[in-house]
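Student: I'd like to go through this one by asking why things get the labels they do. Can we start with the packing inside and work outwards?

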Amino acid sequence: AATSLVFGTLPALRASRLDLQDALRQQGRSGTASRGGERTRRALVAVEVALASVLVVGAGLLGRSFARLAAMDQGFDPRNVLVTDVSLPREASYARRATVERALVEHLRAIPGVEAAALAYDHPLSATWSDAFAIPGRDLKDDGAAWQRIVSADYLRAARIPLERGRGFTDADDTAHPRVALVNEAFARRYFPDADPVGRRLIVPAPTRPGPAEAHEIVGVVGDVRFLGPAAPAEPAFYLPIAQFPQDDLTVLVRTAGDPLAIVPALRAAVRQVDPTLPLGRVTTLETIEAASVAQPRFNALLVAVFGSMAFLLAALGIYGLLAYTVSRRGREIGVRLALGARPRDVTRMVVRDGLLVTLAGVAAGLAASLALSRLARSLLFQISPADPATFAGAAAALVVVALLSSYVPMRRAGRVDPIRALRED
């Protein structure tokens, strides 16, 4: 409404102060619009192109950033994995927890189509528990802390987290056997930069139960998982077997050969068979959770892409309107040029040149503004510079192509002007 008011009022005010004799004199001499009006129209289209450049650059930066974010290897395979939560009573004994967890895994493995079933305190895209630890013979000062992951034997298979060396957990890693642990590559790089951690020991406080810290033998090294999100670096983590530290809040992960949602009824039945009183949480898939982790950058990229597309359209319409109006107003001039021997391609080249000059001026101003504004969006970008040359060059090239396409119809119209008719009509 404000735009309509402003750009409707300014021409009206200008028309009300028009000198009729001067206007007729200019029309009679040239058959073209006044230079002031022509400059105003060109300036408005150039501003339109400049604003379009800003939006197109923003869409390009956010789009490329999201593409890199979505392509980031998070260290696990979310496909065909069903995820839900099961809670045991807080007052349940450790023996009761261990019995329920073992029975639940056995029932889930027996479901047709299940390739692996596991229990964990957190799924691969959740990190809620960090803890201190010690390495015998090492002074870690304030750095002896890492994310703690409590998982069952099939967790690596269910999430498809690679085992880099050593061995993973087995069903035998229970309270009747020595304490064991796994560490990720980030842990090994930070705390064992010049040695193999397999066979070394960690001293870790007993999770969820009182007692002294216990020594755990590191039996394997697993791949890094970006459980803080795809944009966050992999952080040190150590894994403990759930059979040695039974939990009351469980995350269930079930990898299937086909659609994981197809086994939901069988999963509910398996939980009822183990204990009809166990509450089952929301059932979803690991792919859904992964998609939610990048929902905000996806929305940002989509929103700016929509605005950028609208800006493309408006810029195209502006350039087309300017050139079409110019051709219609310069009919007599074009007729004179053709009558004096100018070739049609010379006239079309003139029209295209006019459109390109306006476009290039707008693109130059828009890219300069984009360079200044894109630095404010640095926090929204992932592995891409706010001044990415490829994005800026692509935006400029796209707008030049739009200008050329928008010039096509006015260009053809100018090239087909009949000089005799143009001079006679004027």
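Student: What does phenylalanine 187 touch, leaving out residues up to four places away in sequence?
Tutor: This is a predicted model, so keep that in mind throughout. In it, phenylalanine 187 is in contact with Phe133, Ala146, Phe192, Leu202, Pro236, Ala237 and Phe238.

Student: What makes phenylalanine 187 stand out in the largest nonpolar core?
Tutor: That core has 41 residues, and Phe187 is among those that touch the most other members, along with Leu104, Leu108, Phe133, Leu202, Phe238 and Val254. Helix α7, residues 264–274, supplies the largest share of this core, five residues. Apart from it there's another core, of 26 residues, including Ala116, Ala158, Phe169 and Leu286.

Student: Why is the pair of phenylalanine 133 and phenylalanine 187 called tilted?
Tutor: Check the distance, then the angle. The ring centres are 5.0 Å apart, and the limit for a pair is 6.5 Å. The planes stand at 40°, while stacked needs under 30 degrees and edge-to-face over 60. An angle of 40° fits neither, so the pair is tilted.

Student: Where in the chain do the two partners sit?
Tutor: Phenylalanine 133 is in the loop between β3 (130–132) and β4 (145–151), and phenylalanine 187 is in helix α6 (residues 185–191). The pair links distant parts of the chain, 54 residues apart. Both phenylalanines are buried. They also belong to one aromatic cluster with Tyr191, Phe192 and Phe238.

Student: What makes tyrosine 121 and tryptophan 129 an edge-to-face pair?
Tutor: Their ring centres lie 5.1 Å apart, with the planes at 70°. Since edge-to-face means over 60 degrees, 70° qualifies. A search of the whole structure turns up eight aromatic pairs.

Student: How do you know whether tyrosine 121 and tryptophan 129 are buried or partly exposed?
Tutor: Buried means under 20% relative accessible area. Tryptophan 129 has 15%, so it is buried. Tyrosine 121 comes in at 27%, which lies between 20% and 50%, so tyrosine 121 is partly exposed.

Student: Why is threonine 359 called buried?
Tutor: Its relative accessible area is 0%, and the cut-off is under 20%, so threonine 359 is buried. It is found in helix α11, residues 344–374. Leaving out residues up to four places away in sequence, threonine 359 touches Val49, Ile319, Leu399, Val400 and Ala403.

Student: What about the outside: which residues form the nonpolar patch on the surface?
Tutor: Leu55, Phe299, Leu302, Leu303, Val306, Phe307 and Met310 form it, with about 640 Å² of accessible area together. Helix α9 (residues 295–329) gives the most to the patch, six residues.

Student: Why can valine 306 count towards that patch?
Tutor: Patch residues need over 30% relative accessible area. Valine 306, which sits in helix α9, has 42%, so it clears that bar. It is still labelled partly exposed, because exposed takes over 50%.

Student: On to charges: how do you know that arginine 160 and aspartate 77 form a salt bridge?
Tutor: Their closest N and O atoms are 3.1 Å apart, and the limit is 4 Å. Arginine 160 is in the loop between α5 (155–159) and β5 (163–166), whereas aspartate 77 is in the loop between α3 (35–71) and β1 (81–87), 83 residues apart. Asp77 and Arg160 are also linked with Arg79 and Glu115 in a network of salt bridges. The whole structure has 17 salt bridges.

Student: What makes the bridge of aspartate 248 and arginine 90 a tie between parts apart in sequence?
Tutor: Aspartate 248 lies in the loop between β9 (237–241) and β10 (249–256), and arginine 90 in the loop between β1 and α4 (94–109), so the pair ties together parts 158 residues apart in sequence. The N to O distance is 3.0 Å.

Student: Why do aspartate 248 and arginine 90 get opposite labels, buried and exposed?
Tutor: Aspartate 248 is at 9%, under the 20% cut-off, so it is buried. Arginine 90 is at 59%, over 50%, so it is exposed.

How values were computed
Residues are numbered from 1 along each chain as its sequence is written. This is a predicted model: local features need pLDDT of at least 70, side-chain atom pairs count only at pLDDT 80 or more; totals for chains, interfaces and linings use all residues. Side-chain values use heavy atoms; hydrogens and water are left out. A nonpolar core is a set of buried Ala, Val, Leu, Ile, Met, Phe, Trp, Tyr and Cys residues joined through side-chain atoms within 4.5 Å. Buried means under 20% relative accessible area, exposed over 50%, partly exposed in between (1.4 Å probe, protein chains only). Helices (H or I, at least four residues) and strands (E, at least two) are DSSP runs, numbered from the N terminus. Contact means heavy atoms within 4.5 Å. Patches are made of residues with over 30% relative accessible area and no salt bridge: like charges are joined within 9 Å, nonpolar side chains (Val, Leu, Ile, Met, Phe, Trp, Tyr) within 5 Å. Accessible areas come from the Shrake-Rupley method with a 1.4 Å probe; for residues, only the protein chains shown count as cover. A salt bridge is a side-chain nitrogen of Lys or Arg within 4 Å of a carboxyl oxygen of Asp or Glu. Rings of Phe, Tyr and Trp (its six-membered ring) pair if their centres lie within 6.5 Å; planes under 30 degrees apart count as stacked, over 60 as edge-to-face and the rest as tilted.
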